[in-house]
Amino acid sequence: MEKNSQIENGDHEEVLEQQKQPIPLLTPYKMGSFQLSHRVVMAPLTRQRSYGNVPQPHAILYYSQRATKGGFLISEATGVSDTAQGYPDTPGIWTKEQVEAWKPIVDAVHAKGAVFFCQLWHVGRVSNHGAQPNGQAPISSTDRGIKNNAKTSGYEIEYSTPRRLNTEEIPHIVNDFKLAAINAIEAGFDGVEIHGAHGYLIEQFLKDHTNDRTDEYGGSLENRCRFALDIVEAISNAIGPQRVGFRLSPWTDFLDVSDSNPAALGLYIAEALNKFNILYMHVVEPRLTINVAEKSSGRLHDSESLAPIRKAFNGTFLAAGGYLRDDGNEAVEEGRADLIVYGRWFLANPDLPRRFELNASLNKYDRATFYTSDPVVGYTDYPFLDESTTYAVTA
C-alpha cells in the first residue's frame with residue numbers, strides 16, 4: 001500500500017511539474033526588434049466593414065479585443081491605391097483621411113502592448129468596372145479574366161475582364177505600394193506585410209498560370225518574381241527592411257491563379273527575400289486531398305512541404321493553414337515555424353492565446369457573418385472566457 005502511494009504521489013508531482021511548463025505557442029520570441037510574449041499571431045482577415053474604404057471607429061474595439069501584451073496582429077488587407085479595390089468596404093491607406101482613420105485603431109492596439117503590422121494589397125483582376133476609378137478595367141499581369149468557377153474565400157463579386165499592365169506602368173504600381181507603406185508608418189503601424197498570396201495582383205505576376213507576359217516581368221521564374229521583389233525593395237528602402245513581411249501561398253489556386261512548380265516558386269522567393277534582409281516570411285501551407293474516412297481528428301498537412309522554404313529563409317518564419325492548439329504547439333516545438341498564424345479561430349475567439357493557455361473550449365465561428373457590413377454582429381460580439389470558471393491547465 002505504501003509503495004502504491006509513493007507511485008501515485010510521484011505521478012501527481014510529475015503532472016504538476018508538466019503543468020508548470022509553458023506550452024510552445026506561449027513561449028516568448030524575439031522578432032527583430034520586437035519582443036513577443038507568445039507565438040499566436042492574428043491573421044489578416046478581410047471583414048468588409050470599412051465603409052467607403054475608410055476604417056471605422058468600430059474597428060478600434062475589434063482589434064483591441066484581440067490584442068495582448070507582446071502579441072502580434074496583422075491587419076485586414078488594405079488597399080494601396082484607388083485601383084487596388086475589388087470588394088466593397090475594404091480599407092485603404094492611400095489618402096490622408098484613411099491614414100487619420102487608422103490612427104486611433106493602431107493606438108488602441110498599442111495601448112494593449114501588442115505589435116501591429118498593416119497588410120498591403122492590390123487585388124488586380126479580382127475586381128470590376130464599378131470598383132475602379134472612372135469605371136476603367138481592372139489591371140493585372142494579363143488580359144485574361146477569371147473563370148466563373150474560380151475558388152474564392154467565401155464571398156462573390158462580378159469580375160470584369162482585366163487590362164494587361166504595360167511595362168512602363170509597373171513602376172507606378174510599385175510606387176503605390178511604397179507610398180502606402182510610408183502612410184502605414186505615419187498611421188502608427190509597426191510595419192507592413194506585403195500580400196503576395198491568394199490570387200491577387202502580386203500573385204498574378206508570380207504564378208505561370210496567370211502570367212503570360214513576354215517582357216522582363218514574364219516568362220522565367222526570375223522574371224515572374226521581379227514585380228514582387230521590386231515592391232519589396234522599394235518598401236524596404238522607404239521604411240527599413242526590419243519593418244517588412246511578405247505573405248506567400250505557393251500551393252493555392254484561389255481565384256484561378258496557380259503555378260506549375262509551387263515548390264520552386266516558394267524556394268526562389270525565400271532566397272531572393274534574404275537579399276533584402278526583411279523581417280519575416282508568412283507562408284500558407286498546402287492543403288492535402290485525403291479520404292475523409294482516414295481523417296481521425298484535427299487537420300492533416302504536409303509538414304515537409306514548407307521545410308525547404310523554412311530552411312532557406314533567414315528571418316522569422318510564420319506558418320498559416322488551419323492550425324489549432326495541438327498542431328500549432330507541435331510545429332513550434334519541432335522548429336517548423338517560429339510563429340503560427342490563426343484566422344477564423346482568432347476571429348471567433350478574441351482571447352485565443354488565453355484559451356490556448358487554459359486549453360479551454362473555443363467559440364465556433366459563423367461564416368455567414370464573416371463579410372457582412374454589421375459593425376457588431378460577427379465582429380465584436382464573440383464572447384470572452386468566463387474567468388470565474390476553473391480550467392485544467394495542460395502542458
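**View 1. Thr380 and its surroundings.** In this predicted model, Thr380 is buried, at a relative accessible area of 13%. Look for Thr380 in the segment after helix 12 (352-358). Leaving out residues up to four places away in sequence, Thr380 touches His58, Leu61, Tyr62, Gln65 and Pro375. One of these, Tyr62, also belongs to a cluster that ring pairs build from Tyr62, Tyr63, Trp102, Phe116, Phe189 and Tyr379.

**View 2. The largest nonpolar core.** This one runs to 98 residues, and those with the most contacts inside it are Tyr63, Phe72, Leu120, Phe227, Ile235 and Phe246. Helix 7 (residues 226-239) chips in the largest share, 8 residues. Zoom in on Phe227 and, setting aside neighbours within four places in sequence, you'll find contacts with Ile170, Ile173, Val174, Leu201, Ile202, Phe205 and Tyr217. Another core, of 10 residues, lies apart from the big one; its members include Tyr87, Trp121, Val126 and Ile157.

**View 3. Phe117 meets Tyr280.** The model has 19 aromatic pairs. Here the ring centres of Phe117 and Tyr280 sit 5.7 Å apart with planes at 45°, so call this pair tilted. Phe117 comes from strand 6 (residues 115-121) and Tyr280 from strand 11 (residues 280-284), so to speak a long-distance link: 163 residues apart in the chain. Phe117 is buried at 0% relative accessible area, and Tyr280 is buried at 0% too.

**View 4. Trp121 meets Tyr200.** With centres 4.8 Å apart and planes at 70°, the rings of Trp121 and Tyr200 make an edge-to-face pair. Trp121 sits in strand 6, while Tyr200 is in the loop between strand 9 (191-196) and helix 5 (201-206), 79 residues apart. Trp121 is buried at 2% relative accessibility, and Tyr200 is buried at 4%.

Definitions and conventions
Residues numbered from 1 in each chain as written. Predicted model: local features only at pLDDT ≥ 70, side-chain atom pairs only at ≥ 80, totals over all residues. Heavy atoms only, no water. Core = buried A, V, L, I, M, F, W, Y, C linked by side-chain atoms within 4.5 Å. Buried < 20%, exposed > 50% of the residue type's maximum accessible area, 1.4 Å probe, protein only. Helix = DSSP H or I, 4+ residues; strand = E, 2+ residues; numbered from the N terminus. Contact = heavy atoms within 4.5 Å. Phe/Tyr/Trp six-rings, centres within 6.5 Å; stacked < 30°, edge-to-face > 60°.
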